[in-house]
Amino acid sequence: MNVMEAIKQRFSVRKYKAYEIEDEKLERVIEAARLAPSARNLQEWRFVVVRDERMREALSEAANGQRFVAEAPAVIVACAITSERVMSCGLHCFPIDISIAMAYMTLVAVEEGLGTCWVGAFNSDKVRDLLGIPKDVIVVGVLPIGYPDIEAPQRKRLSLNEIMFEEHWRMG
Ligand SMILES: Cc1cc2nc3c(=O)[nH]c(=O)nc-3n(C[C@H](O)[C@H](O)[C@H](O)COP(=O)(O)O)c2cc1C
């Protein structure tokens, strides 16, 4: 599968088969994050892989009760160990770096026949407490992962013309 195929096939999977994920597959998903770019090569990402059923239930509660978080056979919790560094453009590095790594993981997951759904709606203090994550570490995203038990829905996206401007900003 090439990258564009993975991009086209990826969608947010909120229903998973009850199968476990093979260790090698999960490792290849995390390997994609490991190889991602980061500002100044900080690599400030750390990932907690949760398979334990009771912990997934607790994570689901911490994610505003989103059930599919508990139903996925594994949940990857993406964290940043460094949050202070700011680029000269004024933006913090960590949400960008960790997001790139997470995006890479979602694509390799597709290649492995797996599905993911980026979960941004969660209570970080609760997630931190549950997983023993130190106070100075930031939880950036929660990524349930598993074999999809649902067909890809229709894509709702803006057209290329609406998002791509040539040479200068297009008003209106
Ligand atoms: C930063 C971010 C946070 C998100 N948080 C949630 C979430 O908490 N719950 C959820 O069901 N989907 C969440 N999503 C998934 C989006 O709803 C989904 O990506 C979007 O509707 C486009 O659909 P697609 O991923 O199937 O292409 C999130 C996506 C991103 C990128």
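Buried here means under 20% relative accessible area. I adopted that cut-off before opening the structure, which is a predicted model.

**Entry 1. Covering of the central strands**

I began with strand S4, which spans residues 138–146. With the cut-off above, S4 is mostly covered, since eight of its nine residues are buried. I then turned to strand S2, residues 74–80. S2 is mostly covered as well, with seven of its seven residues buried. I listed the residues by side. Ala 74, Ile 76, Ala 78 and Ala 80 are buried on one face of S2, and Val 75, Val 77 and Cys 79 are buried on the other.

**Entry 2. The sheet**

In what order do the strands of the sheet lie? I read the order as S1-S2-S4-S3, an open sheet of four strands with antiparallel pairing. The edges are strand S1 (45–50) and strand S3 (115–116), each of which pairs on one side only.

I next went through the pairings one by one. S1 and S2 run antiparallel and are joined by six bridges. Within that pairing I noted Trp 45, which stands opposite Ala 80 of S2. Ala 80 also has a bridge partner in S4, namely Ile 138. Seven bridges join S2 to S4, again antiparallel. There I also recorded Val 75, with Pro 144 of S4 standing opposite. At the other edge, S3 and S4 run antiparallel and are joined by two bridges. Thr 116 stands opposite Ile 145 of S4.

**Entry 3. Helices on the sheet**

I looked up which helices lie against these strands. Helix H3 (residues 53–62) packs on the sheet and touches S1 and S2, its direction making about 60 degrees with that of S2. Helix H6 (residues 124–131) lies across S1, S2 and S4 and runs at about 75 degrees to S4.

I then examined these two helices as a pair. At what angle do H3 and H6 pack? The angle is about 165 degrees, and the axes are 9 Å apart. Angles over 145 degrees count as roughly antiparallel, and H3 and H6 are therefore roughly antiparallel to each other. Their crossing is right-handed. From H3, the contact is made by Met 55, Ala 58, Leu 59 and Ala 62; from H6, by Lys 126, Val 127, Leu 130 and Leu 131. By class, I recorded seven nonpolar residues, no polar ones and one charged one in the contact of H3 with H6.

**Entry 4. Helices H2 and H5**

I made the corresponding search for helix H2 (23–34) and helix H5 (residues 93–111). The axes of H2 and H5 come within 8 Å and cross at roughly 145 degrees. H2 passes H5 in a right-handed crossing. On the H2 side, Arg 28, Val 29, Ile 30, Ala 32 and Ala 33 make the contact, and on the H5 side Ala 101, Tyr 104, Met 105, Val 108 and Ala 109 do so. The class count for the contact of H2 with H5 is nine nonpolar, no polar and one charged.

**Entry 5. Lys 25**

I went back to H2 for Lys 25, which is found in that helix. Is Lys 25 buried or exposed? Its relative accessibility is 18%, so Lys 25 counts as buried. I looked up its surroundings. Leaving aside neighbours within four places in sequence, Lys 25 is in contact with Glu 112, Leu 114 and Tyr 147. I also noted a pair distant in sequence: Lys 25 and Ala 109 are 84 residues apart along the chain, and their C-alpha atoms are separated by 8.0 Å.

**Entry 6. Positive phi values**

Most residues other than glycine have a negative phi. I therefore recorded Arg 40, a residue other than glycine, whose phi is positive and near 55 degrees. Arg 40 lies in the loop between H2 and S1. Its relative accessibility is 69%, and so Arg 40 counts as exposed.

Glu 167 likewise is not a glycine and has a positive phi, of about 70 degrees. I placed Glu 167 in the segment after helix H7 (160–163). With a relative accessible area of 81%, Glu 167 is exposed.

How values were computed. Residues are numbered from 1 along each chain as its sequence is written. This is a predicted model: local features need pLDDT of at least 70, side-chain atom pairs count only at pLDDT 80 or more; totals for chains, interfaces and linings use all residues. Side-chain values use heavy atoms; hydrogens and water are left out. Two strands pair if DSSP finds at least two bridges between them. Contact means heavy atoms within 4.5 Å. Axes are lines fitted to C-alpha atoms, for helices over the stretch in contact, and angles run from 0 to 180 degrees between N-to-C directions. Angles under 35 degrees count as roughly parallel, over 145 as roughly antiparallel, 65 to 115 as roughly perpendicular and the rest as oblique. A crossing is left-handed if the near helix is turned anticlockwise from the far one by less than a right angle, and right-handed if clockwise. Ala, Val, Leu, Ile, Met, Phe, Trp, Tyr, Cys and Pro count as nonpolar, Asp, Glu, Lys and Arg as charged, and the others, Gly among them, as polar. Buried means under 20% relative accessible area, exposed over 50%, partly exposed in between (1.4 Å probe, protein chains only).
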